[in-house]
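Welcome, and thanks for opening the viewer. Let's walk through this model together, one selection at a time.

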Number of protein chains: 2
Amino acid sequence: MSPAIANSRLLKIAPSGIRAIHDRRRATSLDLGIGEPSLKPDIAPFEAAVEWVREHGCPYTSYAGLPELRELVADVYGGKFCRAADNVCVTNGSQEAIFLAIKTLAEPGRDEVLVPNPGYPIYHKVCELEGIAWRSVDFAAADAFTPRADAILAALQPQTRLIVLASPANPTGAVMPPSEVVALARGLSARPGPPVYVLVDEVYRELTYTDEPFTSLADEYPYTVTVASLSKSCALTGLRVGFFIGSTEVTAAAGRMHSLVLMSASQFAQRVALEIFRDPIRLRAHVPWYIDQRRTMLDSARQHRLDILEPGGAFYVLVRLCGRHAGDSTAAAYELLDTHDVVTVPGAVFASNTEGYLRVTWAARREAVTEGLARIAQFLRT
Amino acid sequence: MSPAIANSRLLKIAPSGIRAIHDRRRATSLDLGIGEPSLKPDIAPFEAAVEWVREHGCPYTSYAGLPELRELVADVYGGKFCRAADNVCVTNGSQEAIFLAIKTLAEPGRDEVLVPNPGYPIYHKVCELEGIAWRSVDFAAADAFTPRADAILAALQPQTRLIVLASPANPTGAVMPPSEVVALARGLSARPGPPVYVLVDEVYRELTYTDEPFTSLADEYPYTVTVASLSKSCALTGLRVGFFIGSTEVTAAAGRMHSLVLMSASQFAQRVALEIFRDPIRLRAHVPWYIDQRRTMLDSARQHRLDILEPGGAFYVLVRLCGRHAGDSTAAAYELLDTHDVVTVPGAVFASNTEGYLRVTWAARREAVTEGLARIAQFLRT
């Protein structure tokens, strides 16, 4: 690609480390890489959506999406402050919602965005694409990378306009403790000057395994934008339905951005989502499977004496590298794939402070998880 | 919306004039406004896609989309130079493809984009959102707004990097004559310096009614990016399947942009599209209906002595305003809606040189078109 014919900021962004190793997998590989459930989705909402199309055709929806769906989504994810259809814009997956939030709320050349370290790389890549300054908030390995209010509040600068958080987090599985959520809301509310917005990525919200009930910042702080999705909870990664949830005025601005980027989300996909949200217990239908699967993963890791960070949520586990592999997670992940045919993701993809780890997805088939962990243990002894 | 909390460029962009009047319609209104077919789509591709999901689940596709679909799309829309899967990225409707083309190919603060006048307003709005300079190329009312190579070539400046064209065009229905397509390709190829790209919006490509065969710039000029979609040809506006088609390197860059904006298009929607492209005659299944519908529209316009521009393609007709309505298409369209309950779109939405017209969509039900034109004629006599 000649720099003369493409956006210069785009050309500087590193390619996806997750997709890079994913694309190297063989047909025989045990795939513990990409964050995709191996469960199959419920087909009934698809059948209902086809019936709707048979009767009504497949017209545009309004830019922000179907009002009934948006109202039901607000009810599930809106927290204390976002209770109505006007608080929700339906997006092409959570990734579009993240893109909209950063591009709408931060002004290039003026504002700064804080992103979690470790964290999903798309947050800082979107900042780079948009020419928006960003800095990391580091969460400590010794603290199992738990998101802490103190660390976030200490990182604020006058130019900070947006903080990105994920809970449960990718790649760590860490869940922000309720006391930390409350402390962050208090600290941000006490800050003088214009409000700092917080983008909370809650795509793994249904998948938590901690004793404490899940607490969302959306219940505590009015300047929260929540990002949610059906991808993980309902095994619908390929449907591309996500949600941007925020105050009426912020959602109106994001919806305007959305209309310029791609007009609206798919009518069909929204009809599938509507079926699910009309009976929201469906959002939790896969939870028992994940609880069981996590137990298997933990048993297997213990059996093979793997040094792991026990995840409180999501469906990843960080495995600590040791011996000759400790210093270079990228080399380790590729060697593991080449010699033991297991796909994982190098910790380096997510940030400097996860360099010494591999991210292992345990949403794969059970036998792939147990056999994969056995092979990782074997590999780490080489 | 406080300017302090949103992207300042976003806040300056005018809202959609099409949606504004659309949102004012009543249940009783004859809707000749929004560009949406009243036909129902073939349901068989949806049923096939559901069977696929039942068997395989609904996983992510690769960023650019299903390879088999991309290959088939290249075969239909790729022209002479874009023959392979790598020349195609599947997008969330043609609008995302337009967004990607402008954002990928033009550098803010350096490059300039030429947009057609009259034309679909999204072209210049995306430029404004991205901070990219744009200028209009004016096509003449006396020439039925036909896109002419001379006008385009005369508008080029050293900083021009991208030209946007639509054929058949919205709102005029004008089709660029084959001789003009060839002349444009020659003129651009003869130009010294780095290549100027052309984005040709061909979402109405199947819907032409001229004697000459349709000629695409993609057959004549290698620096063409073609935007296509199933929205209009197959009455699938709400499915949100579009295509970005260009050289391998440009498509790779656009696909990278696409991956940062929203990851990938819907697996389900791509499966519906795949069914259609495996039997591409389906892309033309609605053509006989449009030919018939156009004849009805022309007969009706003649009967009511409306001054129209006979469209060579698409499904719009420009009706010239007269008498006290001639100077203000916005006032005329809203008054027409209020007094005669007919939704149209003011010509001013599309550019200065269509100020004296209303855009009338004749893809509505037949009786709505004939009755709507009768009421417009009646209104114009007031």
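## Two domains, then two chains

Keep in mind that this is a predicted model. Start with chain A, where the centres of domain 1 and domain 2, taken over C-alpha atoms, are 24 Å apart.

To see the domains for yourself, select residues 3-41 together with 285-380 of chain A and colour them as domain 1. Then pick 44-281 of chain A in another colour for domain 2.

Now look at where the domains of chain A touch. Here 33 residues of domain 1 meet 33 residues of domain 2. Which elements should you highlight on the domain 1 side? Try α1 (8-12), α11 (287-303) and β10 (316-320) of chain A, as each supplies at least two residues to the side touching domain 2. Spend a moment on α11 of chain A, which gives the most to that side, with four residues. Colour the domain 1 side by class and you will find 20 nonpolar, seven polar and six charged residues.

Next, bring chain B into view. How many residues does each chain bring to the contact? Chain A puts in 57 residues, and chain B puts in 57 residues.

On the chain A side, select α1, α3 (44-56), α5 (93-105), α6 (122-130), α9 (248-261) and α10 (267-277); each of these supplies at least two of the residues touching chain B. Zoom in on α9 of chain A, the source of the largest share of that side, with nine residues.

For a last view, colour the side of chain A that touches chain B by class: it has 32 nonpolar, 14 polar and 11 charged residues.

Key: Residues are numbered from 1 along each chain as its sequence is written. Chains are lettered from A and ligands numbered from 1 in the order in which they are written. This is a predicted model: local features need pLDDT of at least 70, side-chain atom pairs count only at pLDDT 80 or more; totals for chains, interfaces and linings use all residues. Domain bounds come from an automatic or database domain assignment. Two residues are in contact if their C-beta atoms, placed from the backbone, lie within 7 Å. Ala, Val, Leu, Ile, Met, Phe, Trp, Tyr, Cys and Pro count as nonpolar, Asp, Glu, Lys and Arg as charged, and the others, Gly among them, as polar.
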